[in-house]
Amino acid sequence: TRYFVDHRKVRVVGGHGGGGGHSFYSEPRKIFGGPDGGNGGDGGHVILKADRQMKSLSTVLPFYQGFHGERGGSKNCYGANGAYMYVKVPVGTLVMEEGKVVADLTQHGQEYVAAYGGAGGKGNRFFLSNENRAPTSFTPGEPGQERVLHLELKTTAHAGLVGFPNAGKSSLLRAISRARPAVAAYPFTTLNPHVGIVHYQDYEQVSVADIPGLINGAHQNRGLGMAFLRHIERCCFLLYVVDLSVSQPWTQLQDLKYELEQYKKGLSERPSVVIGNKIDLPQSRINLPLLTEQVDERVIALSALTGDNLEELVLHLREMYDTHVKTEQSRGQRPVKW
């Protein structure tokens, strides 16, 4: 079974440079042809490359070694350079070294050189001079760069489902997309983020991330805590999922915004909509008008179980997506596409 992995420690070593050649040219009637040892080839780099097909860091190995350069040959032949080693990582991967962010791979095809290969050595031909007509010295290739990097994945999705455990986020994602997260009648059913794709008739696709349930004190790393709060950072807009069947459901929205704001200032102010789930229950119909009076955002009442009013959510989701695309294009940026 391939599990979802959102952090990985990787040791990367660039390829070693090839040693310089040591030889003298000799043929009939030209015995003392002089030095002809070529330079060695450079070692290959280890490069991290963002790929939208990758959804987890589970395929990333703990160690990568670049390809070595070849040794220089006779007749002034240079050694071949080592090939580059590409390591595919998901879009949204942070690369950190000693606690500092050194790269943020947010676009498909974006690359970062994790470890440079060593330079190739010099052959004895390189040391030829008027003072030294028959040099015997040559240099070995340099070792490749060695680093220990920490990779951290922040899910890049258009919308994020935010709510407390058992609010119905996974059921809602199953209802509007083809994603199949686990659904059960106990809290913390979802332990890993899931991304579902909502398809439209004009072939546009909107990605929705099911973030594991938060609890009070999540910004202090309680429950699943910061391990999954960071996945909300990359979402362009938020879908607050509230359980209408509980008493005073608007307090859930207040607590969720408080946790997001404590984790990162301004996170709760992103474009959002409140989804009142479980409208099929009798108590939910009583709490719906009370929730509408207490909150300022638009409230969409639906039932992920029976499918009631899912069309309104899908249409409003497209409106929020179109608004986001126009805003990004006006800033001269390219919005994330799936």
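# A walk from α1 outward

Start by selecting helices α1 and α5: Leu-172, Ala-175 and Ile-176 of α1 meet Leu-310, Leu-313 and Val-314 of α5, where contact means heavy atoms within 4.5 Å. This is a predicted model, in which local features need pLDDT of at least 70 and side-chain atom pairs count only at pLDDT 80 or more, while totals for chains, interfaces and linings use all residues. Residues are numbered from 1 along each chain as its sequence is written, and side-chain values use heavy atoms, with hydrogens and water left out. Helices (H or I, at least four residues) and strands (E, at least two) are DSSP runs, numbered from the N terminus.

Keep both helices on screen and look at their axes. The axes of α1 and α5 come within 11 Å and cross at roughly 80 degrees. That makes α1 roughly perpendicular to α5; angles of 65 to 115 degrees are given this word, those under 35 count as roughly parallel, those over 145 as roughly antiparallel, and the rest as oblique. Axes are lines fitted to C-alpha atoms, for helices over the stretch in contact, and angles run from 0 to 180 degrees between N-to-C directions.

**Leu-172 and the core**

Now select Leu-172, which sits in helix α1. Leu-172 is buried, with a relative accessible area of 0%; buried means under 20%, exposed over 50%, and partly exposed in between (1.4 Å probe, protein chains only). Not counting residues up to four places away in sequence, Leu-172 touches Leu-161, Val-241, Ile-275, Leu-302, Ala-304, Leu-310 and Leu-313. Draw a distance to one of these: the C-alpha atoms of Leu-172 and Leu-302 are 9.4 Å apart, although 130 residues separate them along the chain.

Which residues touch the most other members of the largest nonpolar core? They are Leu-172, Val-208, Leu-239 and Leu-317, in a core of 25 residues. A nonpolar core is a set of buried Ala, Val, Leu, Ile, Met, Phe, Trp, Tyr and Cys residues joined through side-chain atoms within 4.5 Å. At least two residues of this core come from each of β9 (159-162), α1 (169-176), β11, β12 (237-243), β13 and α5 (310-330). The most come from α5, with 6 residues. In soluble globular proteins, nonpolar side chains tend to be buried together.

Move to Val-208. Leaving aside neighbours within four places in sequence, its contacts include Leu-161, Leu-173, Val-195, Leu-239 and Leu-317. Another core lies apart from the one just shown; it has 23 residues, among them Phe-164, Leu-253, Leu-256 and Val-295.

**The open sheet**

Show the strands next. An open sheet of 6 strands runs in the order β10-β11-β9-β12-β13-β14, with mixed pairing. β10 (194-199) and β14 (299-301) stand at the edges with a single partner strand each, so one side of each has no neighbour in the sheet. From one strand to the next, the twist averages 25 degrees. Two strands pair if DSSP finds at least two bridges between them.

At the β10 edge, β10 and β11 (residues 205-210) pair in the antiparallel sense over 6 bridges. Here His-199 has Gln-205 of β11 as its bridge partner. At the other edge, helix α4 (residues 282-294) lies across β13 (272-277) and β14, running at about 170 degrees to β14.

**Salt bridges**

How many salt bridges does the structure hold? There are 10, a salt bridge being a side-chain nitrogen of Lys or Arg within 4 Å of a carboxyl oxygen of Asp or Glu. Select Glu-297 and Lys-257, whose closest N and O atoms are 2.1 Å apart. This pair links distant parts of the chain, with Glu-297 in the loop between α4 and β14 and Lys-257 in helix α3 (residues 250-263), 40 residues apart. Lys-257 is partly exposed, at 21% relative accessible area.

Next, select Glu-312 and Arg-298, a salt bridge with its closest N and O atoms 3.0 Å apart. Glu-312 lies in helix α5 and Arg-298 in the loop between α4 and β14, so the pair ties together parts that are 14 residues apart in sequence. Finally for this group, Asp-202, Arg-318 and Asp-322 are linked in a network of salt bridges.

**Last stop: β1**

Select β1 (residues 7-13). Antiparallel to β1 runs β8 (residues 146-153), joined to β1 by 7 bridges, and Arg-8 stands opposite Leu-151 in β8. With β3 (residues 63-65), β1 pairs in the parallel sense over 3 bridges; there Val-13 stands opposite Gln-65.
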